[in-house]
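Hello,

Here is the structure I promised to pass on. Have a look at it first, and then read my notes underneath.

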Amino acid sequence: TILLIVFDELMLIFGLASALSPPSAGRWPLFMLSILAFVLVIVKLIYNMNKAGEERGGDAEGKFKFVAARTMEIWCAYPVLFALCECTSTISVELEIAGYAITDVMAKCGIPMMVLVWSIAERKSMTLPTLLTAEKSSGSD
């Protein structure tokens with residue numbers, strides 16, 4: 001956990017230094033150091049999520065791995081946006097704001113919502129009889 005925090009802080013520090021440095025000073029080397037720390041964070045989190053899933057086994061393992069993969073896929077949009085916005089100024093400020101907003105909503109609301117809906121659907125299928133099973137039981141009387 002300490003290692004994960006250190007990598008996360010390094011990623012933020014190098015990213016901030018890249019964003020605040022003048023373009024002539026070279027933002028790319030600092031950005032690359034930030035990306036290196038980002039990759040280490042991703043690898044550590046995927047390892048931890050896969051390990052947690054394997055410890056639970058069965059359906060939980062598949063769900064843990066699925067959620068971890070979707071989360072990492074969304075998180076990969078952040079460095080792409082940063083490179084396009086801060087390092088190259090390829091896209092406008094308006095698109096930058098929209099891009100970060102959409103990515104934030106997907107990462108911070110979409111993934112938890114997916115897990116919530118998934119768990120509610122499972123509970124309903126385990127605890128509540130479906131319409132088809134209710135019809136079969138009433139039709140056999």
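Below is what I found, starting with the overall make-up and moving on to the cores.

A word on the source first: this is a predicted model, in which local features need pLDDT of at least 70 and side-chain atom pairs count only at pLDDT 80 or more, while totals for chains, interfaces and linings use all residues. Residues are numbered from 1 along each chain as its sequence is written, and side-chain values use heavy atoms, with hydrogens and water left out.

The chain has six helices and zero strands (DSSP runs numbered from the N terminus: H or I of at least four residues for helices, E of at least two for strands). Of its 141 residues, 24% are buried, meaning under 20% relative accessible area with a 1.4 Å probe, protein chains only.

The largest nonpolar core (buried Ala, Val, Leu, Ile, Met, Phe, Trp, Tyr and Cys residues joined through side-chain atoms within 4.5 Å) has nine residues: Leu 4, Phe 7, Met 11, Ala 37, Phe 38, Val 41, Ile 42, Leu 45 and Met 72. Helix 1 (2–20) and helix 2 (27–56) each give at least two of these, and helix 2 has the largest share, with five. Another core, of five residues, lies apart from it and includes Val 67, Ile 74, Tyr 78 and Ala 107.

What does Met 11 touch, beyond its neighbours within four places in sequence? Met 11 is in contact (heavy atoms within 4.5 Å) with Ser 34, Ala 37 and Phe 38.

Best wishes

Key:
Buried < 20%, exposed > 50% of the residue type's maximum accessible area, 1.4 Å probe, protein only.
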